[in-house]
Amino acid sequence: MEIKQIAIRSSKREELIDITSEVRQFIIDSNIEDGKLTLYVPHTTAAVTINENADPTVCDDIIFALNKLIPRMKEFRHLEGNSDAHIKSSLIGCSQDVIISKGNLILGTWQGIFFCEFDGPRNRTIILTIN
Ligand code: ZN
C-alpha cells in the first residue's frame with residue numbers, strides 16, 4: 001500500500017489550507033492508474049474537506065459559518081477550552097476518499113482538497129494512502 005504523510009504548518013486559529021497540489025504530486029509519484037485515495041487527519045481539532053478552491057472567500061465563509069454555528073461557550077466542560085474546535089473536527093470529519101482514474105484525481109473543476117485547522121497555529125500531519 002502506498003502511504004505518505006504531508007507536514008502542514010497552520011498560521012491561524014482557524015484556517016482552510018489548500019493541499020490539492022501536494023496530493024496530486026503524490027498520485028503522480030505513485031504511478032497508480034486506478035484506485036481510491038484516502039486522506040486521513042490524525043488530530044482531534046482538525047479535519048479534511050473538499051470544496052471550492054477558485055474563490056478564497058468560500059473558505060472565509062465556511063469558517064465564518066462554523067464559528068456562528070459553534071461559538072466558544074462558557075458552558076463547555078472540557079478544561080482545555082477548545083471544545084469548539086473538537087466539535088468542528090467531528091462535524092467536518094477526519095477523512096475523505098477521492099477516486100483515481102487514468103493516473104488523475106477525479107475532482108470537479110472548482111473542487112480542491114483542504115486541510116481544516118480549528119485550533120492553530122500548530123504543526124499538523126495528513127496521511128495519504130492509495131487502495
Ligand atoms: Zn481539547
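In the predicted model, N82 is buried, because its relative accessibility of 3% falls under the 20% limit for that class. The OD1 atom of N82 is one of the protein donors of the zinc ion, the others being NE2 of H78, OE of E80 and NE2 of H86, and these donors lie 1.9 to 2.2 Å from the metal. Along the chain, the donor residues follow the spacing H-x1-E-x1-N-x3-H. The angles among the 4 donor atoms run from 89 to 150°, and the site is classed as irregular, since four donors count as tetrahedral only if all angles lie between 85 and 135 degrees. H78, in contrast to the buried N82, is partly exposed, because its relative accessibility is 35%.

A further buried position is E14, which is assigned to that class because its relative accessibility is 19%. This residue is placed in the loop that runs between β1 (2–9) and β2 (15–18). The side chain of E14 makes a polar contact of 2.8 Å with the side chain of R13, and another, of 3.2 Å, with the side chain of N67. When neighbours within four places in sequence are left aside, the residues in contact with E14 are I63, N67, D84, K88, E117 and F118.

The strands β1, β8, β3, β5 and β6 form, in that order, an open sheet of 5 strands with antiparallel pairing. Its edges are formed by β1 and β6 (104–105), each of which pairs on one side only. Within the sheet, strand β3 (residues 35–40) and strand β5 (residues 95–101) run antiparallel and are joined by 6 bridges, and K36 has I99 of β5 as its bridge partner. Helix α1 (residues 20–30) lies across β1, β3, β5, β6 and β8 (123–130), and its direction is at about 155° to that of β1.

Several loop residues show notable backbone geometry. The peptide bond between G120 and P121 is cis, with omega at about -5°, and P121 belongs to the loop between β7 (111–117) and β8. Positive phi values in residues other than glycine are found at N31, where phi is near 60°, and at K102, where phi is near 50°. N31 lies in the loop between α1 and β3, whereas K102 is located in the loop between β5 and β6. N31 counts as exposed because its relative accessible area is 65%, and K102 is likewise exposed, with a relative accessible area of 68%.

How values were computed:
Residues are numbered from 1 along each chain as its sequence is written. This is a predicted model: local features need pLDDT of at least 70, side-chain atom pairs count only at pLDDT 80 or more; totals for chains, interfaces and linings use all residues. Side-chain values use heavy atoms; hydrogens and water are left out. Donors are N, O and S atoms within 2.8 Å of the metal (3.2 Å for Na, K and Ca); water is not among the atoms, so sites may look incomplete. Four donors count as tetrahedral if all angles lie between 85 and 135 degrees; four count as square planar and six as octahedral if opposite donors are over 155 degrees apart and all others between 65 and 115; anything else is irregular. Buried means under 20% relative accessible area, exposed over 50%, partly exposed in between (1.4 Å probe, protein chains only). Helices (H or I, at least four residues) and strands (E, at least two) are DSSP runs, numbered from the N terminus. A polar contact is a pair of N or O atoms within 3.5 Å; within protein, one must be able to donate a hydrogen and the other to accept it, and residues adjacent in sequence count only if both atoms are side-chain atoms. Contact means heavy atoms within 4.5 Å. Two strands pair if DSSP finds at least two bridges between them. Axes are lines fitted to C-alpha atoms, for helices over the stretch in contact, and angles run from 0 to 180 degrees between N-to-C directions.
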